[in-house]
Amino acid sequence: MERGVRQVAQITLRLCEHSGSSSGARIFVAQRLESMKNALLGVELQVEQLPGRHPHVEAVYRNGARKVLSVKNKSVEGVEEGVLYMSNQSGRKVKKDFRASRPIASSPSIQGMWTPRRVPNFK
């Protein structure tokens, strides 16, 4: 991150020591965890063992929000992408921008804006 302050405070990778779905996460911890810690300065990276559970990445943000991302059956690159994805998030909920969903005309109508009161009563 070039500018600003990372909003993530802590990232925890939870995995099982024996399950097959955690194999990519175990290889990530063995080979790439230290380089990831050096790349994400100011972010606390933790690894926890959860026997018999699928692996997931949990991020705690400075505003108190928590997000969880499953990395079940992911390769080493998939786990690394998941950790980077969670580190680049802000912790806010995603809201749809309703202004972008309305059609915008390039030129205003010459007849004016339509309202229900302008409809004549036909008999």
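1. Within helix α1, which spans residues 23-31, the buried residues are G24, A25 and F28. Viewed along the axis of α1, these buried residues fall within an arc of 100 degrees, so they line one face of the helix. The general geometry is consistent with this reading: an α-helix has 3.6 residues a turn, so residues three or four places apart point the same way. It should be noted that the model under discussion is a predicted one.

2. The face of α1 turned away from the buried side carries A30 and Q31, both exposed. On the buried side, the residues of α1 pack against three elements: strand β1, helix α2 (33-39) and helix α3 (76-87). As to its placement on the sheet, α1 lies across β1 and β2, and the helix runs at about 125 degrees to β1.

3. The sheet itself is open and is formed by 4 strands in the order β2-β1-β3-β4, with mixed pairing. Its edge strands are β2 (44-49) and β4 (66-70), each of which pairs on one side only. On average, neighbouring strands of this sheet are turned by 20 degrees against each other, direction being ignored.

4. One pairing in the sheet merits separate mention. Strand β3, residues 56-61, pairs with β4 in the antiparallel sense, over 5 bridges. Within β4, the residue that stands opposite V57 is L69. In general, the strands of a sheet pair through backbone hydrogen bonds, in either a parallel or an antiparallel manner.

5. A further point concerns R6, which lies in the segment before β1 (8-15). Is R6 buried or exposed? Its relative accessibility is 14%, and because buried means under 20%, R6 counts as buried. The side chain of R6 makes a polar contact with the side chain of N88, at 3.2 Å.

6. For the chain as a whole, the secondary structure comes to 4 helices and 4 strands. Read from the N terminus, the elements follow the order β-α-α-β-β-β-α-α. Of the contacts in the chain with a separation of 6 or more, 69% are between residues 24 or more positions apart.

7. Finally, the overall surface values are as follows. The chain has 123 residues, of which 28% are buried. Its accessible surface comes to about 9500 Å², and carbon and sulfur atoms account for 52% of that surface.

Methods:
Residues are numbered from 1 along each chain as its sequence is written. This is a predicted model: local features need pLDDT of at least 70, side-chain atom pairs count only at pLDDT 80 or more; totals for chains, interfaces and linings use all residues. Side-chain values use heavy atoms; hydrogens and water are left out. Helices (H or I, at least four residues) and strands (E, at least two) are DSSP runs, numbered from the N terminus. Buried means under 20% relative accessible area, exposed over 50%, partly exposed in between (1.4 Å probe, protein chains only). A polar contact is a pair of N or O atoms within 3.5 Å; within protein, one must be able to donate a hydrogen and the other to accept it, and residues adjacent in sequence count only if both atoms are side-chain atoms. The arc is that of the directions from the helix axis to the C-beta atoms. Contact means heavy atoms within 4.5 Å. Two strands pair if DSSP finds at least two bridges between them. Axes are lines fitted to C-alpha atoms, for helices over the stretch in contact, and angles run from 0 to 180 degrees between N-to-C directions. Accessible areas come from the Shrake-Rupley method with a 1.4 Å probe; for residues, only the protein chains shown count as cover.
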